[in-house]
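Reader: I would like a careful, close look at a single part of this structure, with its surroundings described afterwards so that I can place that part in context. Please take me through it in connected prose.

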Amino acid sequence: RSTNDCLGFILDYTKSSCFKVPNVAGFKENLIPNPGVAYFSKICIPLPGNCSERAWSVEVTPGYELLGLQHTVVPNVENKWACAKLCLEESTQRQVCLSANYRSGTCTLSSHDRWTDPDSFIPTNQRVVADYIENHCLIEIDKPTCWHDPVYNKTSLRADLQVLNITREECEMKCENEIYFRCRAYSYLYESSPSQCLLHSDPALINLGPQLSPQLVDTQYSEYSEMLPCLNMTVTCGASDGSMSVTLHQPKFQGRLFVQGHANSCWSQGRGTDTTTLVLPLPDNSTNKCNMNVAYSVGEVNRTLASAVVVVQYHPLIQTVSDRIVKVTCLISETSVTPTNNLTLAAGFSVQEPAIQNQITGEGGNVVHNGTSPRAKMRVIDSRTGRDATNIQLGDPLQLVIDIEPPFNVTMVRAGHLIASSGSHMDSLLLLDLRGCPPDLQAFPGLVPVNNTRLAAPFRAFRFPSSPILTLSIVLTLCSIQCQPTDCGNGVISYGRKRRSLDVYEEVPLQLAIIVHSDNSTSIPNPVLQASFGAANLNPDPSHSQVCTSFLTACLLALFWVLLQCALLAVCCCLLHRKTGDQQDTISLRHDFQPPRHVTFSDEIDVPSKRLRLCTPMQT
């Protein structure tokens, strides 16, 4: 900031290095994605007074935009920095501007951003790259803070501030109250000397695109946690119909609410309204449709506690890493529900990947292009290692790649009609249409050429709730001459099928299957929502002691109490028998030493004496 020959600097988080960008003639920004690097550019625009302590005033994300939530459109804007200036000025004059999109001279302002409406934040994948601009001068006041479950032995690759020798609770509070930048996550290293608190402005678990989220690296004796949008949910128990209602208050929700493990039997689909309700029937003597957990308490008022784990799935069909889980409970009193003898045990299983054709071997196919049959292979690779993906977890950064062997290249091979389906093929989602155009850019972008022999598309690992197996099916179109890319409209360019013509000589379907594991089944959800009906009181008088337990646990406790009483009775009997035996020995001893033997016992002497003389008629 203090020199005129500096346009900005590049911060390499992996090497903890900073590189100056000099002010040279003809300099032109040519940015490429790199998860371990951030580029800070120096600009000269007026800032509001509350932005003086911020490390950076705006954040620009090339290649992304926020769709459909703009309130102002300004044409003929010079560049993205002029658009950022309009957003900062708008926040101080009329409506609040949280973000802006800049594309080809047009600046659109919005009162939302990628945090308030993450479903609308998508990659552009277009000819003219758009820029997403976020206003960092606004301070979030009195906003509720919710935290993701900690991830242990992991830290984020990008750290913006380091604080030493504080506790984990102080580290979390430091992140919540940070004014130097918007802190979204923290890493805490508790075994280092002194302890380290690392604050991050970029979250790693929220799905903001494969190229934006930083990587989590293995670090012993550490934990990582990040902020989450708080869920607005309510739970009510119906006394008349014996049901529990879970209501999500979120505008324009089009996802699903379902009980974990029962996605096809206990679920509710969002209709784009402000509220979505999931009704769960409470278990009775014979049925438990949603496999809810039931506990019983015995006291002055008999009570039953029914609970279930509900998944908030934001996409209408697939599960992503952004989905949330919440445990809901219903406290029932004076009910006729009685314990059953059925026990539900946790079970595990493994699935072997099916043998599906995922490549063209060139054997038996048509011979073209100098007498050579085409060879191509579809794979899913891990973006972090560049190798074939194994042990895939929900939300892992992946790439779908199609490799073509020479003399063929990407201009002679097209891919379209990509469908993701579950292991049973009962659920499916169209990722690319017949032309190769993506209907939903947030779920899956279009295939683009990486080099002359590879098509690739980055995405985050997802799955269907009904199955851990994810099958990807695509139609590969082989052309004898070069084909032009397909214009999908609105500037989107696809390297998929254009249309059948005389140049297309073969269409080959390819499939592959991967297994996407989910940690939701083993994690304990943080939020717990509770409701009750009847005479139950959620805050009972502590003087009325009650124990909430299961039927089996109560039987074991009763058996232990009986055994303990028997053991105490046996000990008392033994002590009593031993005392009686000692008294009998004393009486026998006194009887043996009566006259003519003259013996004086010490306990019969009134005045204690240090010397006691024993006299007997025996001669020495």
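Author: In this predicted model, a good place to begin is Val129, which, once its neighbours within four places in sequence are left aside, is in contact with Pro62, Gly63 and Tyr102. Val129 itself belongs to a loop, the one that runs between strand 9 (121-123) and strand 10 (131-135). Its relative accessible area is 48%, and because the exposed class starts only over 50%, Val129 is counted as partly exposed. The chain also brings a distant stretch of sequence to this place: Val129 and Glu65 are separated by 64 residues in sequence, yet their C-alpha atoms are 9.6 Å apart in space.

The sheet that includes strand 10 gives this loop its setting. It is an open sheet of 5 strands in the order 4-10-7-8-6, and the pairing is antiparallel. Strand 4 (58-62) and strand 6 (70-74) stand at its edges, and since each has a single partner strand, one side of each is left without a neighbour in the sheet. On average, and with direction ignored, neighbouring strands here are turned by 20 degrees against each other. Pro62, one of the contacts of Val129, falls within the range of edge strand 4 (58-62). At the other edge, strand 6 is joined to strand 8 (residues 106-110) by 4 bridges, the two strands running antiparallel, and within this pairing Val74 has Cys107 of strand 8 as its bridge partner. In general terms, strands of a sheet pair through backbone hydrogen bonds, in either a parallel or an antiparallel manner.

A second open sheet is formed by 3 strands in the order 2-1-3, again with antiparallel pairing. Its edges are strand 2 (17-22) and strand 3 (37-41), and each of them has one side without a neighbour in the sheet because each has a single partner strand. The twist from one strand to the next averages 20 degrees. Strand 1 (residues 6-12) pairs with strand 2 in the antiparallel sense over 6 bridges, and the bridge partner of Phe9 in strand 2 is Lys20.

Turning from the sheets to a helix, Phe560 is found in helix 3 (residues 551-592). With a relative accessibility of 54%, Phe560 counts as exposed, whereas Val129, at 48%, is partly exposed. Phe560 also takes part in a nonpolar patch on the surface, which it forms with Trp561, Val562, Leu564 and Leu568, and these residues together have about 520 Å² of accessible area.

How values were computed. Residues are numbered from 1 along each chain as its sequence is written. This is a predicted model: local features need pLDDT of at least 70, side-chain atom pairs count only at pLDDT 80 or more; totals for chains, interfaces and linings use all residues. Side-chain values use heavy atoms; hydrogens and water are left out. Patches are made of residues with over 30% relative accessible area and no salt bridge: like charges are joined within 9 Å, nonpolar side chains (Val, Leu, Ile, Met, Phe, Trp, Tyr) within 5 Å. Accessible areas come from the Shrake-Rupley method with a 1.4 Å probe; for residues, only the protein chains shown count as cover. A salt bridge is a side-chain nitrogen of Lys or Arg within 4 Å of a carboxyl oxygen of Asp or Glu. Buried means under 20% relative accessible area, exposed over 50%, partly exposed in between (1.4 Å probe, protein chains only). Contact means heavy atoms within 4.5 Å. Two strands pair if DSSP finds at least two bridges between them. Axes are lines fitted to C-alpha atoms, for helices over the stretch in contact, and angles run from 0 to 180 degrees between N-to-C directions.
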